[in-house]
Amino acid sequence: MDATIKNALGTITLSEDLIATIVGAAASDNYGIVGMNSNSVGDAWFQLIGSENLKRGVKVTVNEDSSVNIELHVTLMYGVSFPAVAQNAISNVKYCVEGLTGLKVNYVDIHVEAVRV
């Protein structure tokens, strides 16, 4: 479902793919996150052929009220504080999505699926 923002000049429609790309870029910029994990067959296919896919490991759900729920599937660097990295990523993703799109982020869930040395 797409998010819709209405104002005096008209209507803005933001796709889930656009929001997922913003989330992927914001999450990848965090210290301690070394990779995003595939959470769908499409993600795995892009990873297999070596294509850059900022949406890999990101699931965005747009609610009826145009608020957003986000899930991230990540690989963390060995030796970092998992709670600190997760909290930093949550804050950064929420800040970027709300700042760039104007949508309210209800929550950001982080699933740590691997650790890389």
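Me: How many Å apart are the end C-alpha atoms of helix α1 (residues 16-28), and what span should its 13 residues have?
Reply: Happy to walk through this one, keeping in mind that the model is predicted. Helix α1 has 13 residues, and at 1.5 Å a residue, counting one less than the number of residues, they should span 18 Å. The end C-alpha atoms agree with that expected span, as they are 18 Å apart.

Me: Which elements do the buried residues of α1 pack against?
Reply: Let's start with the residues themselves: α1 has Ile19, Ala20, Ile22, Val23, Gly24, Ala26 and Ala27 buried. Their packing partners include a helix, α3 (82-101). Put together with the strands, the list reads β1 (3-7), β2 (10-14), β3 (33-36), β4 (58-62), β5 (68-77) and α3.

Me: In what order do the elements of the chain run from the N terminus on?
Reply: The chain has three helices and six strands to place. Reading from the N terminus, the order is β-β-α-β-α-β-β-α-β.

Me: Is Tyr78 buried or exposed?
Reply: Good one to reason out! Tyr78 sits in the loop between β5 and α3, and it helps make a nonpolar surface patch of about 540 Å² with Phe82, Val112, Val115 and Val117. The cut-off for exposed is over 50% relative accessible area. Tyr78 has 61%, so it counts as exposed.

Me: What percentage of the chain's residues count as buried?
Reply: For this, we look at the whole chain, which has 117 residues. A residue needs under 20% relative accessible area to be called buried. In this chain, the share that counts as buried is 36%.

Note on methods
Residues are numbered from 1 along each chain as its sequence is written. This is a predicted model: local features need pLDDT of at least 70, side-chain atom pairs count only at pLDDT 80 or more; totals for chains, interfaces and linings use all residues. Side-chain values use heavy atoms; hydrogens and water are left out. Helices (H or I, at least four residues) and strands (E, at least two) are DSSP runs, numbered from the N terminus. Buried means under 20% relative accessible area, exposed over 50%, partly exposed in between (1.4 Å probe, protein chains only). Contact means heavy atoms within 4.5 Å. Patches are made of residues with over 30% relative accessible area and no salt bridge: like charges are joined within 9 Å, nonpolar side chains (Val, Leu, Ile, Met, Phe, Trp, Tyr) within 5 Å. Accessible areas come from the Shrake-Rupley method with a 1.4 Å probe; for residues, only the protein chains shown count as cover. A salt bridge is a side-chain nitrogen of Lys or Arg within 4 Å of a carboxyl oxygen of Asp or Glu.
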